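Trainee: I would like a close look at a single part of this protein, taken slowly and with the reasoning spelled out. Could you walk me through one group of helices and the loops around it?

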Amino acid sequence: MPSIGALLIIGLCLVSFLGNVAAVPLPEDGVVGPDEDGLGPSCTVIKRKEWRRLSKVQKKSYIKAVKCLQDKPAIAKATIPNSISRFDDFQGVHIQQTFSIHFVGHFLAWHRYYLAIYEKALREECDYKGAQPYWDWTLDADNFIASPLWDPVTGFGGNGVPAPADGSPFAVPGATGGGCVTDGPFVDMRLHLGPGPSLAGTSRCLRRAFSPWIAKTFSNTAKVNNALAQKDFGWFNKVVEGETNFLNVGIHGGGHYSIGGEAGDLYASPGEPVFYLHHANLDRIYWQWQSMNLPARLSDISGPIQMFGPITGPNVTLSFPIDLGPLAPAVTVQELMDTKGNKTGSGVLCYTYQ
Ligand SMILES: [Cu+2]
């Protein structure tokens with residue numbers, strides 16, 4: 001019987017500020033002017049958009065910024081010695097914290113902060129002018145392969161080359177491909193950390209294993225509506241994260257396992273650039289759920305501190321610390337409850353969704 005850890009590695013792999021400006025109206029695409037940084041009441045609330053609503057030029061500038069992060073030297077070497085780039089820094093922190101940030105009450109808060117810091121790095125270190133885009137996978141649930149996300153020129157490239165089938169009982173149903181990506185901007189990308197929990201330095205290609213069946217089954221509008229219909233945060237969180245089997249991977253697992261490969265690795269999934277668009281969509285759905293009853297839901301938090309419980313153990317509260325290690329200062333869950341909290345004075349975030 002494999003250990004929980006091994007199960008996670010093999011198959012369930014379920015995983016898995018912003019500028020501030022004067023009070024001028026924000027241009028449609030979230031571009032802010034050059035002298036507009038700092039935080040506080042006047043922070044510019046940047047608008048995160050669905051990938052296909054970006055212009056060609058905006059898509060290219062986002063991908064260019066991601067590649068820029070992959071070329072910038074790491075700053076986290078003290079704790080992640082084999083991190084080569086700023087992009088690796090993010091992946092490394094996720095690998096290190098895997099067992100304390102999934103199937104816990106702060107799963108959504110942690111990933112919300114993680115994304116905001118990634119967005120900040122793109123903007124401040126790589127001259128990206130827009131906001132972090134999201135991927136509304138419900139638009140692709142019935143025709144996953146045809147998604148514009150996989151366009152080799154204006155997207156992230158397509159599936160991995162066919163690889164020998166994973167014969168394990170934990171193989172993702174309907175998986176295709178499995179090997180290195182063969183086109184698009186990340187065809188030559190090297191990953192230096194992972195797979196799984198490994199932080200030993202390696203040099204790996206970006207792998208994908210598209211599963212249209214996973215997308216069709218778990219990434220559809222009915223599943224999103226089911227999450228949005230939950231009456232309290234605890235249930236909302238549970239429905240989003242799903243279970244550790246392929247009968248119910250939740251909308252979180254749906255995005256991860258439909259891409260597969262690196263994205264299907266509970267630990268190392270942020271090595272897939274699309275990870276950040278998938279998690280932005282989960283964050284958007286979280287914000288949408290909160291917005292259905294903001295007075296109550298800006299303070300509704302619960303769920304276990306420890307992975308999978310125990311249900312009798314301590315619960316996450318608003319004062320629970322969210323720690324991104326070398327990536328950013330620690331904050332509390334409270335400071336992450338409002339995506340515009342920096343503007344309203346209740347937190348550190350300054351973005352919204354469109
Ligand atoms: Cu994660």
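Mentor: What follows is a walk through helices α2, α3 and α4 and the loops beside them.

Please keep in mind throughout that this is a predicted model. The protein chain as a whole has eleven helices and six strands, and of its 354 residues 50% count as buried, which is the background for the part we will look at.

Let us begin with helix α2, which covers residues 56-71. Its 16 residues reach 23 Å from the first C-alpha to the last, close to the 22 Å expected at 1.5 Å a residue. The buried residues in α2 are Gln58, Lys59, Tyr62, Ala65, Val66 and Leu69. Seen down the axis of α2, these buried residues fall within an arc of 125°, so they line one face of the helix. The general reason for such a pattern is that an α-helix has 3.6 residues a turn, so residues three or four places apart point the same way. On the other side of α2, Lys56, Val57 and Asp71 are exposed. As for what the buried residues of α2 meet, they pack against α3 and α4.

That brings us to these two partners, helix α3 (residues 86-101) and helix α4 (residues 107-125), whose axes come within 12 Å and cross at roughly 175°. A crossing angle over 145° counts as roughly antiparallel, and therefore α3 is described as roughly antiparallel to α4. On the α3 side the contact is made by Arg86, Phe90 and Ile101, while α4 contributes Phe107, Trp110, Tyr118, Ala121 and Glu125. Sorted by character, the residues of this contact of α3 with α4 divide into six nonpolar, no polar and two charged.

Next come the loops, beginning with the one between α3 and α4, where Phe103 has its place. Phe103 has a positive phi of about 60° although it is not a glycine. Most residues other than glycine have a negative phi, which is the reason for pausing here. Phe103 counts as buried because it has 22 C-beta neighbours inside 10 Å, and the cut-off for that class is 20 or more.

Beyond α4, in the loop between α4 and β2 (160-162), we find Asp127. Asp127 has a phi near 60°, again a positive value in a residue other than glycine. Its surroundings can be read in the same manner: Asp127 has 11 other C-beta atoms within 10 Å and is therefore exposed, since that class takes in residues with 12 or fewer.

On the other flank, ahead of α2, Arg52 lies in the loop between β1 (46-48) and α2. Arg52 has 16 C-beta neighbours inside 10 Å and so counts as partly exposed. Although Arg52 and Tyr134 are 82 residues apart along the chain, their C-alpha atoms are separated by 9.2 Å.

To put the part together, the buried face of α2 packs against α3 and α4, those two helices are roughly antiparallel, and the loop between them holds Phe103, a buried residue with a positive phi.

Note on methods:
Residues are numbered from 1 along each chain as its sequence is written. This is a predicted model: local features need pLDDT of at least 70, side-chain atom pairs count only at pLDDT 80 or more; totals for chains, interfaces and linings use all residues. Axes are lines fitted to C-alpha atoms, for helices over the stretch in contact, and angles run from 0 to 180 degrees between N-to-C directions. Helices (H or I, at least four residues) and strands (E, at least two) are DSSP runs, numbered from the N terminus. Angles under 35 degrees count as roughly parallel, over 145 as roughly antiparallel, 65 to 115 as roughly perpendicular and the rest as oblique. Two residues are in contact if their C-beta atoms, placed from the backbone, lie within 7 Å. Ala, Val, Leu, Ile, Met, Phe, Trp, Tyr, Cys and Pro count as nonpolar, Asp, Glu, Lys and Arg as charged, and the others, Gly among them, as polar. The expected span of a helix is 1.5 Å times one less than its number of residues. The arc is that of the directions from the helix axis to the C-beta atoms.
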